[in-house]
Amino acid sequence: MHFSELNLSDPLQQAIRAVGYQETTPIQTQAIPPGLQGHDIIGCAQTGTGKTAAFLLPAFARLLQNHNKTKNPRLVVLAPTRELVIQVSEEARKLAAHTALRTVAVYGGANIGQQIDKLRRGVDVVIATPGRLMDHMRRKNINFKDLQVLVLDEADRMLDMGFLPDIKQIVGRMPRRRQTMLFSATMPPPVLGLARQFQQDPVKVEIDIAQPPEAIRQALYPVPKHLKTSLLIALLEQMEVNSMLVFTATKQEADIVTRKLSEAKTSVACIHGDFKQRERVAALEGFRSGKYQVLIATNIASRGLDIEGISHVINYDVPEHPEDYIHRIGRTARADADGDAITLVTVDDEAMIYRIEYLLGRKIERKTLAGFDYDVPTPSWAKPSAKALLRQATQSRSLADRWRSMGGGRRR
Ligand code: ADP
Ligand code: MG
């Protein structure tokens, strides 16, 4: 559908032209019309499919229609991380460029005084992490009595991060008569529970169960744990890498890998929760502009970030949840280009690989890197205990059985 076919007012149409959108994405095609009619919406579509505009446009349209004069916010968007709050705010700023709507981004690690000033002067739109919004509620900086629209963005991740109690308290202060839109990349039962609790008769909009685009070449590289970094460096040297996003499980690991890559003369940046906001923005911008070839990120820091045109996604560590695997590798091969998704696999990861392959409905090819010395002995400090090995063997066996009994290996 072309954006001009949507019943949007001129200021919004103008902004859409300015950002260069022409055709709506599938989630936008399905969510915007009922959103404009004021329905509650449950939207499920994978990362990078344009969910932000799918809720901002109907929300803005409604604010522009009922223009009651108030200093209180009329739209609140909750998102799990400050990066996402910033990203949604940027999109909001662009889409509201030709309107008089005032927006504030509310998140931790940023100057709270400035946020308070803006809230006091009056805003129409608040885009916030639940934690920081709760701070403002406690300080009585915010009043929801004029709220018209609530958006829960990345609802699955907000629940994973333990924001449910905060969300309940926040929504508890909001008028019952409101439009509530909930967006999520996955719809596990807890997210549906959230919808039941906070929505009325929602229109469900679901764009396919997340499956990675066919254009992504996926591979597993089994490797002894102590050789992971060397293998990563060897892969970097052998492949034609435009831009590489590397996921690690922990901040510590992110730091170590970043240091080793930069010792190997790679231009590399890193983002995780210990970095200041300013540093994270600089790292992301440097990666987007091509100043850094490699970006190392922890799962939470990277989730939902809009980074395009990545040639390689590397799971340095296997993700904690199987869905994360699909989200992560979805960062490559956007816009019909192809890309590589490589996962380093140690013996400890076999159980999770079974679960990922089950979710994908197929096996992922296992590869070895020609010329790489896999036989460098384990340093004594890195040897797993006999107990750990035993625990692991039993774990993988039971999962393997489960996989077989589920008819594993066949494409669903
Ligand atoms: P999601 O929230 O689903 O992960 P985003 O809303 O962040 O996705 O959008 C991903 C990218 O796609 C952004 O760069 C956004 O500007 C762009 N985008 C969104 N809608 C369109 C569209 N209709 N046409 C072209 N690009 C779009
Ligand atoms: Mg999003």
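## A walk through the helices, salt bridges and buried threonines

Start by selecting two helices: Thr 229, Leu 232, Ile 233 and Leu 236 in α10 meet Val 257, Lys 260 and Leu 261 in α11. Sorted by class, this contact of α10 with α11 has five nonpolar, one polar and one charged residues. Before going further, please keep in mind that you are looking at a predicted model.

Now widen the selection to the full helices, residues 228-238 for α10 and 251-263 for α11. Their axes lie 10 Å apart and the helices pack at an angle of about 45°, which makes α10 oblique to α11. Turn the view until one helix lies in front of the other, and look for the hand of the crossing: α10 passes α11 in a right-handed crossing.

**Zoom out for a moment**

Show the whole protein chain as a cartoon. You should be able to find 16 helices and 14 strands. The chain has 412 residues, and 53% of them count as buried. How do the contacts spread along the sequence? Taking contacts between residues at least 6 apart in sequence, 76% join residues at least 24 apart.

**A second helix pair**

Next, select residues 130-138, which form helix α6, and residues 164-172, which form helix α8. These two pack at an angle of about 45°, with 9 Å between their axes, and that makes α6 oblique to α8. Which hand does this crossing have? Here α6 passes α8 in a left-handed crossing, while the α10 and α11 pair crosses in a right-handed way.

To see the interface itself, show side chains for Pro 130, Gly 131, Leu 133, Met 134 and Met 137 on the α6 side, which meet Asp 166, Ile 167, Gln 169 and Ile 170 on the α8 side. By class, the contact of α6 with α8 has six nonpolar, two polar and one charged residues.

**Salt bridges**

Stay on helix α6 and select Arg 138 and Asp 135. These residues form a salt bridge, and their closest N and O atoms are 3.0 Å apart. Both lie in α6, three residues apart, about one turn of the helix. Switch on a surface and compare the two ends: Arg 138 is exposed, with a relative accessible area of 57%, whereas Asp 135 is partly exposed at 26%.

For a bridge in another setting, go to Asp 324 and Arg 157, whose side chains meet at 2.8 Å, N to O. Asp 324 sits in helix α14 (residues 322-329) and Arg 157 in helix α7 (residues 155-160), so this pair ties together parts that are 167 residues apart in sequence. Are these two partners buried or exposed? Asp 324 is buried, and so is Arg 157.

Then select Lys 363 and Glu 357, another salt bridge, with the closest N and O atoms 3.2 Å apart. Lys 363 is partly exposed, with a relative accessible area of 41%, but Glu 357 is buried at 2%. Salt bridges can also share partners: Arg 74, Arg 102 and Asp 124 are joined into one network in this way. If you would like to hunt for others, the count comes to 15 salt bridges.

**Two buried threonines**

Select Thr 180 in strand β6, residues 179-184. Its relative accessibility is 0%, and Thr 180 therefore counts as buried, since the cut-off for that is under 20%. What surrounds this residue? Leaving aside residues up to four places away in sequence, Thr 180 touches Asp 40, Ile 41, Leu 150, Phe 198 and Gln 199.

Now jump to Thr 346, in the loop between β13 (339-345) and α15 (350-360). Thr 346 is buried too, with a relative accessible area of 5%. Display Val 223, Lys 225 and Lys 228 alongside: Thr 346 touches these three, not counting residues up to four places away in sequence. Lys 228 may ring a bell, as helix α10 from the opening stop spans residues 228-238.

**Last stop**

Finish at Glu 90, in helix α4 (residues 82-95). Glu 90 is partly exposed, with a relative accessible area of 38%. Draw a distance from its C-alpha to that of Ala 105: the two residues are 15 apart in sequence and 9.4 Å apart in space.

Notes. Residues are numbered from 1 along each chain as its sequence is written. Chains are lettered from A and ligands numbered from 1 in the order in which they are written. This is a predicted model: local features need pLDDT of at least 70, side-chain atom pairs count only at pLDDT 80 or more; totals for chains, interfaces and linings use all residues. Side-chain values use heavy atoms; hydrogens and water are left out. Helices (H or I, at least four residues) and strands (E, at least two) are DSSP runs, numbered from the N terminus. Buried means under 20% relative accessible area, exposed over 50%, partly exposed in between (1.4 Å probe, protein chains only). Axes are lines fitted to C-alpha atoms, for helices over the stretch in contact, and angles run from 0 to 180 degrees between N-to-C directions. Angles under 35 degrees count as roughly parallel, over 145 as roughly antiparallel, 65 to 115 as roughly perpendicular and the rest as oblique. A crossing is left-handed if the near helix is turned anticlockwise from the far one by less than a right angle, and right-handed if clockwise. Contact means heavy atoms within 4.5 Å. Ala, Val, Leu, Ile, Met, Phe, Trp, Tyr, Cys and Pro count as nonpolar, Asp, Glu, Lys and Arg as charged, and the others, Gly among them, as polar. A salt bridge is a side-chain nitrogen of Lys or Arg within 4 Å of a carboxyl oxygen of Asp or Glu.
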